[in-house]
Amino acid sequence: MLLVAAGLEIVWATALERSNGFTRLWPTLIGVSSAALSFALLSFALKSLPVGTAYAVWVGVGALGVAAVGILALGESASPARLLCLALILAGVIGLRLSG
């Protein structure tokens, strides 16, 4: 459930970027509805997971996914420093999940 919530975080962040400041209807609706569903799923996941671990995994997976969309689909920089920082986020998420 937590990974689905994080996947929806990728959807809503990308959709809101495409909404052009809430001026485009469909990206706005997709962004807002997927954000609400993402929060709801995170809330359900918190019933059985520690809040620190769950939130860090949710944010980390979401951040990695949004960064990947930016690099692969939106032409954002894939500099070595940026990729290293993303790898560090991934290592932190994995570490928290394994230790939690």
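The protein has four helices and zero strands. The model is predicted. From the N terminus on, the elements run α-α-α-α. Along the principal axes, the C-alpha atoms fill a box of roughly 40 × 35 × 15 Å. Of the 100 residues, 31% are buried. Long-range contacts were also counted. Among contacts between residues at least 6 apart in sequence, 60% join residues at least 24 apart.

Two packed helices are described by the angle between their axes and the distance between the axes. Helix 1 spans residues 2–18 and helix 2 spans residues 25–45. Their axes come within 8 Å and cross at roughly 155 degrees. Helix 1 is therefore roughly antiparallel to helix 2. The crossing of the two is left-handed. On the helix 1 side, the contact is made by Leu2, Val4, Ala5, Leu8, Glu9, Val11, Trp12, Ala15, Leu16 and Arg18. Helix 2 contributes Pro27, Ile30, Gly31, Val32, Ser34, Ala35, Leu37, Ser38, Leu41, Leu42 and Ala45. By class, this contact holds 16 nonpolar, three polar and two charged residues.

Individual positions add detail to this pair of helices. Alanine 35 is in helix 2. With a relative accessible area of 12%, under the 20% limit, alanine 35 is buried. Alanine 35 is among the helix 2 residues that meet helix 1. Leucine 16 stands on the helix 1 side of that contact. Alanine 35 and leucine 16 are 19 residues apart in sequence, and their C-alpha atoms are 9.7 Å apart in space. Glutamate 17 lies in helix 1. Its relative accessible area is 46%, so glutamate 17 counts as partly exposed. Glutamate 17 and glycine 31 are 14 residues apart in sequence. From C-alpha to C-alpha, the two are 8.8 Å apart. Glycine 31 is one of the helix 2 residues in the contact with helix 1.

The loop between helix 1 and helix 2 holds asparagine 20 and phenylalanine 22. Most residues other than glycine have a negative phi. Asparagine 20 has a positive phi of about 55 degrees, although it is not a glycine. Phenylalanine 22 likewise has a positive phi, near 65 degrees. Asparagine 20 is exposed, with a relative accessible area of 54%. Phenylalanine 22 is exposed at 56% relative accessibility.

Helix 3 covers residues 51–73, and helix 4 covers residues 80–99. The axes of helix 3 and helix 4 come within 9 Å and cross at roughly 150 degrees. That angle makes helix 3 roughly antiparallel to helix 4. Their crossing is left-handed. Helix 3 enters the contact through Thr53, Ala56, Val57, Gly60, Val61, Leu64, Ala67 and Ile71. Helix 4 supplies Arg82, Leu83, Leu86, Ile89, Leu90, Val93, Leu96 and Arg97. The contact of helix 3 with helix 4 divides into 12 nonpolar, two polar and two charged residues.

Aromatic rings were examined next. A pair of aromatic rings is described by the distance of the centres and the angle of the planes. A search of the whole structure finds two aromatic pairs. In one, the rings of phenylalanine 39 and tryptophan 58 have their centres 5.5 Å apart. Their planes stand at 50 degrees, so the pair is tilted. Phenylalanine 39 lies in helix 2 and tryptophan 58 in helix 3, so this pair ties together parts that are 19 residues apart in sequence. The two rings differ in exposure. Phenylalanine 39 counts as partly exposed at 46% relative accessibility, whereas tryptophan 58 is buried at 4%.

Tyrosine 55 and tryptophan 58 form a tilted pair, with 5.6 Å from centre to centre and 40 degrees between the planes. Both residues lie in helix 3, three residues apart, about one turn of the helix. Tyrosine 55 is partly exposed, with a relative accessible area of 48%. Together, Phe39, Tyr55 and Trp58 form one aromatic cluster.

Terms used
Residues numbered from 1 in each chain as written. Predicted model: local features only at pLDDT ≥ 70, side-chain atom pairs only at ≥ 80, totals over all residues. Heavy atoms only, no water. Axes fitted to C-alpha atoms, helices over the stretch in contact; angles between N-to-C directions. Parallel < 35°, antiparallel > 145°, perpendicular 65-115°, else oblique. Left-handed = near helix turned anticlockwise from the far one by under 90°. Contact = heavy atoms within 4.5 Å. Nonpolar A, V, L, I, M, F, W, Y, C, P; charged D, E, K, R; others polar. Phe/Tyr/Trp six-rings, centres within 6.5 Å; stacked < 30°, edge-to-face > 60°. Buried < 20%, exposed > 50% of the residue type's maximum accessible area, 1.4 Å probe, protein only.
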